Amino acid sequence: MSGSDGLDLGAELDALASALSHDLRAPLRAIDGFSRILLSEERVGVLPDETRRFLELVRDAGTELAELLDDVVDVARVTRVPLAARELDVGVLARELIAAVLGPSVPVGRDVEWVIADGMPGAVGDQVLVRRLLLELLDNAVKFGATRVEVGWDADAGAWFVADDGAGWRDGGALPAQALEIFGRLVGRDEHPGTGAGLALAVRICGRHGGRLWGRAAPDGGATFWFTLAPA
């Protein structure tokens, strides 16, 4: 969409997000650096316990803000990147991600059973973006404590799905795409790791492909996310 002055609004928002991210890096690095100096071994002994705790909270807040900035830039850019459509096998992409990224990142001492259905329909999409979509959904399941994660095809819904046996979310029930955009606020960042922006990114990836994303869960009863893409 373009503004009345002929400017591309999407490009302007993308540029704004990138500029904000870049300009905020220097003060964030300063906050982290000076906090790190004050918490160094040669100084920590002279600081009261409460002061050390406050400094650690400052560093944690800075780290969280940096992560949020990265997510804002990612969400903005996914609406701009040109699509390179090709035929895709969702099952193959999921297996590759599990072997190379997700499997090795599971916390030590915790086992996750990965179940990838055979014979799922093919899709057409941008391989890089669809891989990112799957990564966000699968990683979300791990973050929410899943010990079993399944990727399959729901013939009734005409959609692929990622289902897990993790924590679900606070109030249960269904979440349409609009609610997934603010999923981080619904679950609470103090309860689970991450900023919650991954699902907003997944919603946009589906939208870029003419599809949609929606979810359903029960408190402490797992969650399922369905998504559609252009058919092969």
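Nine salt bridges turn up in this predicted model. Several of them sit on helices, and one ties α5 to α4 across 35 residues of sequence. The protein as a whole holds eight helices and nine strands, and its largest nonpolar core has 37 residues. Here is a friendly tour, beginning with the charged pairs.

**Salt bridges**

- Side chains of opposite charge can pair when their charged atoms come close.
- In helix α3, which spans residues 49–78, R52 and D49 lie three residues apart, about one turn of the helix. Their side chains meet in a salt bridge, at 2.2 Å from N to O.
- The two partners sit in unlike surroundings: R52 counts as partly exposed at 21% relative accessibility, whereas D49 is exposed, with a relative accessible area of 54%.
- R131 and E96 also meet through their side chains, with an N to O distance of 3.2 Å. Because R131 lies in helix α5 and E96 in helix α4, this pair ties together parts that are 35 residues apart in sequence.
- R131 counts as partly exposed at 25% relative accessibility, and E96 counts as partly exposed at 38%.
- Within α5, R132 forms a salt bridge with E136, the closest N and O atoms being 2.7 Å apart. These residues are separated by about one helical turn, because they are four residues apart in the helix.
- R132 counts as partly exposed at 27% relative accessibility, while E136 is buried, with a relative accessible area of 15%.
- D32, R36 and R59 are joined into one network by salt bridges that share partners.

**Nonpolar cores**

- Within the largest core, of 37 residues, those with the most contacts are L133, L137, L138, V151, L213 and F227.
- Helices α4 (90–105), α5 (127–143) and α8 (197–208) each supply at least two residues of this core, and so do strands β4 (148–154), β5 (159–164), β7 (213–217) and β8 (223–227).
- Helix α5 gives the largest share of this core, seven residues.
- Apart from this core lies another, of five residues, with A159, F161, W214 and W226 among them.

**Strand pairing**

- Strand β2, residues 113–116, pairs with β4 in the parallel sense over four bridges. One place to look is E113, whose bridge partner in β4 is R148.
- On pairing with β5, β4 runs antiparallel, and six bridges join the two strands. Here the bridge partner of E150 is A163 in β5.
- β4 and β5 form a hairpin with four residues between them. In the turn, G158 has a positive phi of about 65 degrees.
- In a regular strand the side chains alternate between the two faces of the sheet.

**A closer look at T224**

- Is T224, a residue of strand β8, buried or exposed? T224 is buried, because its relative accessible area of 18% falls under the 20% cut-off.
- Leaving aside residues up to four places away in sequence, T224 touches F161, V162, A163, W214, G215 and R216.

**Overall packing**

- The protein has 232 residues, of which 38% count as buried.
- Among contacts between residues at least 6 apart in sequence, 68% join residues at least 24 apart.
- The accessible surface comes to about 12,700 Å², and 55% of this surface belongs to carbon and sulfur atoms.

**Confidence in the model**

- The mean pLDDT of the protein is 78, with 71% of its residues reaching 70 or more.
- Which element has the lowest mean pLDDT, and which the highest? Helix α7, residues 183–187, has the lowest at 45, and β4 has the highest at 97.
- Over residues 1–7 the pLDDT is below 50, and this stretch has eight contacts in the model beyond near neighbours in sequence.
- Residues 181–192 also have pLDDT below 50, and this stretch has 29 contacts in the model beyond near neighbours in sequence.

How values were computed. Residues numbered from 1 in each chain as written. Predicted model: local features only at pLDDT ≥ 70, side-chain atom pairs only at ≥ 80, totals over all residues. Heavy atoms only, no water. Core = buried A, V, L, I, M, F, W, Y, C linked by side-chain atoms within 4.5 Å. Buried < 20%, exposed > 50% of the residue type's maximum accessible area, 1.4 Å probe, protein only. Pairing = 2+ DSSP bridges. Contact = heavy atoms within 4.5 Å. Salt bridge = Lys/Arg side-chain N within 4 Å of Asp/Glu carboxyl O. Areas by Shrake-Rupley, 256 points an atom, 1.4 Å probe, with all protein chains shown as cover. pLDDT = per-residue confidence, 0-100.
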